[in-house]
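Subject: A structure for you to look at

Hello,

I am handing a structure over to you, and I hope you enjoy looking through it. Please open it first, and then read on with it beside you.

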Amino acid sequence: MPKRFCVTGTCIPEKNYMVDISGRIDRIIRDYIEKGQYFTINRARQYGKTTTLYLLERRLREEYIVLSLSFEAADEYFESMGSLAEGLVMDISECLKAQNVDGTIIEEWNRPLSERFPMRSLGIKISSLCKTCGKKIILMIDEVDKSSDNQIFLSFLGLLREKYLKWQQGKDETFQSVILAGVYDVKTLKLKLHPQEEMKYNSPWNIAVDFQMDMSFDSEDIESMLKEYESEHRTGMHVQDIARIIYDYTSGYPYLVSRICQIIDERIAGIKEFGNVSSAWTKEGVLAAIKILLKEPNTLFDDMTKKLSDYPQLQEMLQNILFGGIDFPFKRETPMVDLGVTFGFLKDKNGIVAVSNRIFETQLYEVFSAERAINNKIFEVAG
């Protein structure tokens, strides 16, 4: 089956054309996993988080036991402490079976939890598993912010924190590393560690280190994907030039990079203006793909519109940047700046807040212009 560009779900190297991020996987293992760090990969939507976790798991399984979970469709887990603990036991059991862990260890893991103290019972199970498994264990949870405002989830983070601190003191056994992935930074969440202390809150994830790695693609990254495509299709494209043009418009936002390439491959090649694949992989072909991208409905732009509706102050800031020419200092401690960066809308440009790429800039301009036109029409009718 021939490879294709992928913009939905996980990218699989054997099935999809994709940027070579093996160097980043190596750095994550060296700088975080091997050092026993707990951390969160928080990036904007469709920024390659799930694919990064998948490739990381593939590599880690050579040396570690990897418990790879997702809270994507686990709403029922957060009905009670017991349901979360039981759900985690069930999911982790499946991971252990898939990695051929000894049956007696799995049988011990599956023993019933304490009904009265399910989370404490889960903690004891984790310690026992880490002692007897024979390999260090990595816990990875994708889509953690699906239930990040849930007190039960925060209590689970508190359990991981407690075990980590005891592990550091040599008093307990626990995971070698914990990796959480989502849009929002879990470190900003608050947990009441002691119910009697109503006004005293601490972060349950203050044990985690900052994940500093840039997950956007530079032009050389994009080249690595185009070279693989070119080696199979022989279009005659100037790979370096096309990669640079795509980067200029996307600033390396993973979804936008892959979607442009997908449109060129599946929709541009063969239409009247571009009679063959060779003519499609040109600057003109890239620009034609961008026009299609800006006009089509997609989950990324839909999510952008929803976020702007949910956060009118962020929308106002973006309108001031695009229409008012107003400069805002780039300071992540400013709530709206931090939110804009979290969603992937904003970036730092020489100390000034800027829209993160030319495609987003065009999309936002069109959205705001349409809103202004509608509001003006309403005002005329009302007048």
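Below is what was found, starting with the whole chain and then going place by place.

Please keep in mind throughout that this is a predicted model.

**The chain as a whole**

The chain has 383 residues, and 50% of them count as buried. Its secondary structure comes to 15 helices and eight strands. If you want a feel for the dimensions, the C-alpha trace spans about 65 × 60 × 35 Å along its principal axes. Among the contacts with a separation of 6 or more, 70% are between residues 24 or more positions apart.

**Two helix pairs**

A good place to begin is helix H1 (residues 22-33) with helix H2 (residues 49-60). Their axes are 10 Å apart, and the helices pack at an angle of about 70°. An angle from 65 to 115 degrees counts as roughly perpendicular, and H1 and H2 are therefore roughly perpendicular to each other. Their crossing is right-handed. On the H1 side, the residues that meet H2 are Ser22, Ile25, Asp26, Ile28, Ile29 and Ile33. On the H2 side, they are Thr52, Leu55, Leu56, Arg59 and Leu60. By class, the residues of this contact of H1 with H2 divide into seven nonpolar, two polar and two charged.

Next, please turn to helix H7 (residues 219-233) and helix H9 (residues 254-268). The axes of H7 and H9 are 11 Å apart, and the angle between the helices is about 25°. Angles under 35 degrees count as roughly parallel, so H7 is roughly parallel to H9. Here too you can look at the handedness: H7 passes H9 in a right-handed crossing. Ile222, Met225, Leu226 and Tyr229 are the H7 residues in this contact, and they meet Val257, Cys261 and Asp265 in H9. The contact of H7 with H9 has six nonpolar residues, no polar ones and one charged residue.

**Two buried residues with polar contacts**

Ser127 is found in helix H5 (residues 118-132). Its relative accessibility is 9%, so Ser127 counts as buried. What does the side chain of Ser127 make polar contacts with? One partner is the side chain of Lys163, at 2.5 Å, and another is the side chain of Asp172, at 2.6 Å. Leaving aside residues up to four places away in sequence, Ser127 touches Lys163, Asp172 and Glu173.

Thr235 has its place in the loop between H7 and helix H8 (239-250). Thr235 counts as buried because its relative accessibility is 6%. The side chain of Thr235 makes a polar contact with the side chain of Glu230, at 2.5 Å. Not counting residues up to four places away in sequence, Thr235 touches Tyr229, Glu230, Val277, Ser278 and Trp281. Tyr229 may be familiar by now, as one of the H7 residues that meet H9.

**A buried loop residue**

Ile207 lies in the loop between strand E6 (177-182) and H7. Is Ile207 buried or exposed? At 10% relative accessibility, Ile207 counts as buried. With residues up to four places away in sequence left out, Ile207 touches Tyr38, Leu160, Arg161, Tyr164 and Leu165. If you would like a distance to try in your viewer, take Ile207 and Val355: they are 148 residues apart in sequence, and their C-alpha atoms are 32 Å apart in space.

**Two residues with positive phi**

Finally, a look at the backbone. Most residues other than glycine have a negative phi. Which residues here have a positive value, near 55°? Ser251 is one of them, with phi near 55°, and Ser251 is found in the loop between H8 and H9. Asn350 also has a phi near 55°, again a positive value in a residue other than glycine. You can find Asn350 in the loop between strand E7 (346-349) and strand E8 (352-355). With a relative accessible area of 78%, Asn350 is exposed.

Happy exploring, and best wishes!

Methods:
Residues are numbered from 1 along each chain as its sequence is written. This is a predicted model: local features need pLDDT of at least 70, side-chain atom pairs count only at pLDDT 80 or more; totals for chains, interfaces and linings use all residues. Side-chain values use heavy atoms; hydrogens and water are left out. Helices (H or I, at least four residues) and strands (E, at least two) are DSSP runs, numbered from the N terminus. Buried means under 20% relative accessible area, exposed over 50%, partly exposed in between (1.4 Å probe, protein chains only). A polar contact is a pair of N or O atoms within 3.5 Å; within protein, one must be able to donate a hydrogen and the other to accept it, and residues adjacent in sequence count only if both atoms are side-chain atoms. Contact means heavy atoms within 4.5 Å. Axes are lines fitted to C-alpha atoms, for helices over the stretch in contact, and angles run from 0 to 180 degrees between N-to-C directions. Angles under 35 degrees count as roughly parallel, over 145 as roughly antiparallel, 65 to 115 as roughly perpendicular and the rest as oblique. A crossing is left-handed if the near helix is turned anticlockwise from the far one by less than a right angle, and right-handed if clockwise. Ala, Val, Leu, Ile, Met, Phe, Trp, Tyr, Cys and Pro count as nonpolar, Asp, Glu, Lys and Arg as charged, and the others, Gly among them, as polar.
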